[in-house]
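Trainee: Could we go through this model together? I want to learn how each label is earned.

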Amino acid sequence: MYKARKVIVTGGAGFIGSHLVEALLSQGDKVTVLDNLSTGRIENLDLLEGKEAIKFHQVDIADYQAIKDLFRGIDRVFHLAARADIVPSIQKPFAYHHSNVDGTISVLESARAAGIKRFIYAASSSCYGIPDNYPTPETAPARPQYPYALTKYVAEQYVMHWGEVYNLPVVSLRFFNVYGPRSRTSGTYGAVFGIFLAQKLANRPFTVVGDGTQTRDFTFATDVVEACLAAADSELRNEILNVASGHPVSVNKLVELLGGDVTFIPKRPGEPDCTHADITRIKKLLGWKPKVTIEKGVRILLNNIDYWREAPVWTPETIADATKDWFKYLGEEK
Ligand code: NAD
C-alpha cells in the first residue's frame, strides 16, 4: 500500500507548482504550499478546494522565522518558489536576489533543521545562456545572461553546497521552456505561450520574435511534474539533471499549430537561437522520459484557452515599451 508522505511545495500556487500539488494529492500525499502569491494565483489551486490533504500558507520563503516551523515532520521538499521573469529581474535585481537566493537559503536551512529526506530544486536552463553545444549537456559551462538566470544558478550552487556540506539529499532539475495549462499570465511580458494564447483569444496577430526560425525545447508541465516525482522517489543525491522534451520546435511551427496571423518583432539580445537539452542523463538515472508531444500539448492548451481570457494582450508597441530595459542593458547600445 502507498505510504502517504508529508510534502512541502514552495511556489505551489504558481504554474508548475500547482500541477505538482495536484499530482502529489492524487497519489495520496499531504501537501503544504508556501507561496507569497507575488506571481502565483490562489485560483490555480481551486481544483483542490475542499481537500483536507492540502494546507496553504501565504508567506515569503525568505522569511526564515516565518517558515522554519512549517517544515517540522515534513518528509520531502519541492522548492519551486522564485521570481521567474527576465525583464523585471533586470529592473529589480534586489527583489530577484531576495526571493531566489535568500529564499533558497531560507528553505534549505528550514529543510536541514527538520531533517528532510528528499529536496528537489527547480533550476533553470537559462543558466546555459548561449551554449556552445547542442544538445546541451549538464556539464556545459554556466553563462547566465541576466539577473533571473544568475539568481537561479547561484541558488542551485547553494542547493548543491548544502548537499555536500550538510549532507542534505538534494537533486537539482534544470527545466527547459515549460508550457501547459495555467502558464503565467502576469502583467509582465513573459513566456511565449501565454502571450500567443491571449493574442489568439483577442484575434490579434502572434508577435513572433525575429524570423521565428529560433527553436525551443518546449516541455509539457505534466512531464516536468513526473520528473520531479521520479527524482524524489529515487535515491539520487547531489545530481543536476536536465528536464526537457529533447525535441526543439521552431516558433514558426508553434504558430502553425496554434493557427493565426503573424507579425514580426525585433530579436532580443542575450537569447539563444536554440534551446535543446541533452536528456541522456535523466533517462538513464531516473528512467524518466517525456510523454507529451508538442502537437498533443498544444491541443491540450487550446482546449483550456479560456484561462488566458484575462491575460494581457500584447502588441508590438506594448512589447517594445515593456522590453526597453532588455535592449538597453543586454544590447549593443550600453
Ligand atoms: P510561477 O511564477 O508561476 O511560480 C512561481 C511561484 O513562486 C509563484 O506562485 C510565486 O507567487 C511564488 N513566489 C515567488 N517569490 C516568492 C517568495 N519570495 N516567497 C514565496 N513564494 C514566492 O513560475 P513557474 O513557471 O511555475 O516556475 C516555477 C519554478 O520553475 C521557478 O523556480 C522557475 O524559476 C522554475 N523554472 C520555470 C521554467 C518555465 O519555463 N516556466 C523554466 C525553468 C525553471
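**Helix pairs and the ligand site**

Mentor: Start with a pair of helices: α1 and α7 are oblique to each other. Keep in mind that this is a predicted model.

Trainee: Why are α1 and α7 called oblique?

Mentor: Their axes cross at roughly 60 degrees. Roughly parallel needs an angle under 35 degrees, and roughly perpendicular needs 65 to 115. The value fits neither range, so α1 and α7 count as oblique. The two axes come within 9 Å. α1 passes α7 in a right-handed crossing.

Trainee: Why give both an angle and a distance?

Mentor: Two packed helices are described by both: the angle between their axes and the distance between the axes.

Trainee: What makes α4 and α5 a roughly parallel pair?

Mentor: The axes of α4, residues 93–113, and α5 cross at roughly 15 degrees and come within 8 Å. An angle under 35 degrees counts as roughly parallel, so α4 and α5 earn that label. Their crossing is right-handed.

Trainee: Now the ligand. What makes the pair between threonine 39 and the ligand a polar contact?

Mentor: An N or O atom in the side chain of threonine 39 is 2.7 Å from an oxygen atom of the ligand. The cut-off for such a pair is 3.5 Å, so this one counts. The backbone of serine 38 also takes part: one of its N or O atoms lies 3.1 Å from a ligand oxygen. Serine 99 uses a polar side-chain atom, 2.9 Å from a nitrogen atom of the ligand.

Trainee: How much of the ligand does the protein cover?

Mentor: On its own, the ligand has 820 Å² of accessible area, and the protein covers 96% of that.

Trainee: Which elements give two or more residues to the shell around the ligand?

Mentor: They are α1 (15–26), β5 (118–124) and α5 (147–166). β5 gives the most, with three residues. There are 28 residues around the ligand, and among those that come nearest are Asp35 and Arg184. By class, the shell has 14 nonpolar, nine polar and five charged residues.

Trainee: Where is proline 135, and what kind of peptide bond joins it to tyrosine 134?

Mentor: Proline 135 sits in the loop between β5 and α5. The bond is cis, with omega about -10 degrees.

Trainee: What is noted about phi of asparagine 177?

Mentor: It is positive, near 30 degrees, in a residue other than glycine. Asparagine 177 lies in the loop between β6 (170–175) and β7 (178–179).

How values were computed: Residues are numbered from 1 along each chain as its sequence is written. This is a predicted model: local features need pLDDT of at least 70, side-chain atom pairs count only at pLDDT 80 or more; totals for chains, interfaces and linings use all residues. Side-chain values use heavy atoms; hydrogens and water are left out. A residue is near a molecule or strand if one of its heavy atoms lies within 4 Å of it. A polar contact is a pair of N or O atoms within 3.5 Å; within protein, one must be able to donate a hydrogen and the other to accept it, and residues adjacent in sequence count only if both atoms are side-chain atoms. Accessible areas come from the Shrake-Rupley method with a 1.4 Å probe; for residues, only the protein chains shown count as cover. Helices (H or I, at least four residues) and strands (E, at least two) are DSSP runs, numbered from the N terminus. Ala, Val, Leu, Ile, Met, Phe, Trp, Tyr, Cys and Pro count as nonpolar, Asp, Glu, Lys and Arg as charged, and the others, Gly among them, as polar. Axes are lines fitted to C-alpha atoms, for helices over the stretch in contact, and angles run from 0 to 180 degrees between N-to-C directions. Angles under 35 degrees count as roughly parallel, over 145 as roughly antiparallel, 65 to 115 as roughly perpendicular and the rest as oblique. A crossing is left-handed if the near helix is turned anticlockwise from the far one by less than a right angle, and right-handed if clockwise.
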